[in-house]
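Here are my notes on the model, point by point. Have the structure open while you read.

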Amino acid sequence: MRLLLACLVAIVSVGLVAFGGVSALAGFLDQRAADRVYVVQFKRPGDECGGARQLHLDVTDGKPLSCRPGYAGVVGGYARNDLPGFADAQNEQVLALAEGLGGDGLSSAEQRQIQDRVDQILATVPAAERPDRKPGLWGARQAWLGGGLAMAGVIGLVALLLLAIRATKRGR
């Protein structure tokens with residue numbers, strides 16, 4: 001009976017470690033992607049853009065870039081010149097600022113000025129309109145819960161190991 005119970009604890013513990021680890025990683029990656037949605041990307045024409053949900057501006061003139069995904073075998077592209085949750089006027093304000101500053105290229109200070117303006121507008125966007133506010137368990141909450149499950153599995157395995165060592169010493 002003890003062997004059956006030990007096997008059951010081992011199986012559940014390994015399952016918790018595996019499921020918790022995967023959940024923690026997925027939550028971390030979701031949160032990381034959500035945190036980058038409002039970071040303006042300054043690129044040169046022809047550069048891969050990376051995320052489809054970000055605003056990509058040409059560093060040489062401040063104009064929005066029409067980006068192509070960096071995945072092999074994918075044909076076509078996307079032109080996303082707005083930030084999610086921003087009103088059309090707010091998006092136009094950011095683009096106008098970028099084009100106004102980018103006449104002779106965007107310096108680091110000008111890039112910071114554009115990002116600061118995006119951050120100012122973002123502070124006025126209601127949380128419900130942001131893509132990083134999904135309902136349910138995702139992002140940081142998912143990462144913490146997954147980490148907790150994995151830790152519970154590790155504790156179960158360590159406890160099982162300690163019991164096995166103790167039983168072995170008693171059997172001598």
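1. Leu57 is a good place to begin. Remember as you look that this is a predicted model. Leaving out residues up to four places away in sequence, Leu57 touches Val40, Gln41, Phe42 and Lys43 on one stretch of the chain, and Gly62, Lys63, Pro64 and Leu65 on another. The other residues that Leu57 touches are Leu95, Ala98 and Ile114.

2. Leu57 also belongs to the largest nonpolar core, a set of 19 residues. Which members touch the most others? They are Leu57, Phe86 and Ile114. As for the elements behind this core, α2 (88-101) and α3 (108-122) are the ones that give two or more residues to it.

3. Stepping back to the whole chain, there are four helices and two strands. Read from the N terminus, the order is α-β-β-α-α-α. Of the 172 residues, 30% are buried. If you take the contacts with a separation of 6 or more, 62% of them join residues 24 or more positions apart.

4. Now have a look at α3 for the charged side chains. How many salt bridges does the model hold? The count is two. In one, Arg112 meets Asp116, with 2.8 Å from N to O. In the other, Arg112 pairs with Asp119, and here the closest N and O atoms are 3.6 Å apart. Together, Arg112, Asp116 and Asp119 form a linked network.

5. Why can Arg112 and Asp116 pair up along the helix? They are four residues apart in α3, so about one helical turn separates them. More generally, an α-helix has 3.6 residues a turn, so residues three or four places apart point the same way.

6. Are the residues of this network buried or exposed? Neither, quite: Arg112 counts as partly exposed because its relative accessibility is 44%. Asp116, at 33%, is partly exposed too, and so is Asp119, at 34%.

7. Helix α4 covers residues 139-170, which makes 32 residues. Its first and last C-alpha atoms lie 47 Å apart, close to the 46 Å expected at 1.5 Å a residue. The buried positions in α4 include several glycines, namely Gly139, Gly146, Gly153 and Gly156. Gln142 and Ala150 of α4 are buried as well.

8. Leu149 is another α4 residue worth a click. What does Leu149 contact, leaving aside its neighbours within four places in sequence? The list is Leu16, Val17, Phe19 and Gly20. Leu149 and Leu16 are 133 residues apart along the chain, yet 5.6 Å separates their C-alpha atoms. Leu149 counts as partly exposed, because its relative accessibility is 25%.

9. Finally, the largest pocket holds about 350 Å³ of space. Two elements, α1 (2-35) and α4, are the ones that give two or more residues to the lining of this pocket. The largest share, six residues, comes from α4. Low in the numbering, the lining has Arg2, Leu3, Leu5, Ala6 and Val9. Further along the chain, Ala159, Leu160, Leu163, Ala164, Ala167 and Arg170 line the pocket as well.

Terms used. Residues are numbered from 1 along each chain as its sequence is written. This is a predicted model: local features need pLDDT of at least 70, side-chain atom pairs count only at pLDDT 80 or more; totals for chains, interfaces and linings use all residues. Side-chain values use heavy atoms; hydrogens and water are left out. The expected span of a helix is 1.5 Å times one less than its number of residues. Buried means under 20% relative accessible area, exposed over 50%, partly exposed in between (1.4 Å probe, protein chains only). A nonpolar core is a set of buried Ala, Val, Leu, Ile, Met, Phe, Trp, Tyr and Cys residues joined through side-chain atoms within 4.5 Å. Contact means heavy atoms within 4.5 Å. A salt bridge is a side-chain nitrogen of Lys or Arg within 4 Å of a carboxyl oxygen of Asp or Glu. On a 1 Å grid over the protein atoms alone, a cavity is a set of points where a 1.4 Å probe fits but cannot get out, and a pocket is an open set with protein on both sides within 12 Å along at least five of seven lines; lining residues have an atom within 4 Å of a point. Grid points are joined across faces, edges and corners, and a volume is the space filled by probe spheres set on the points.
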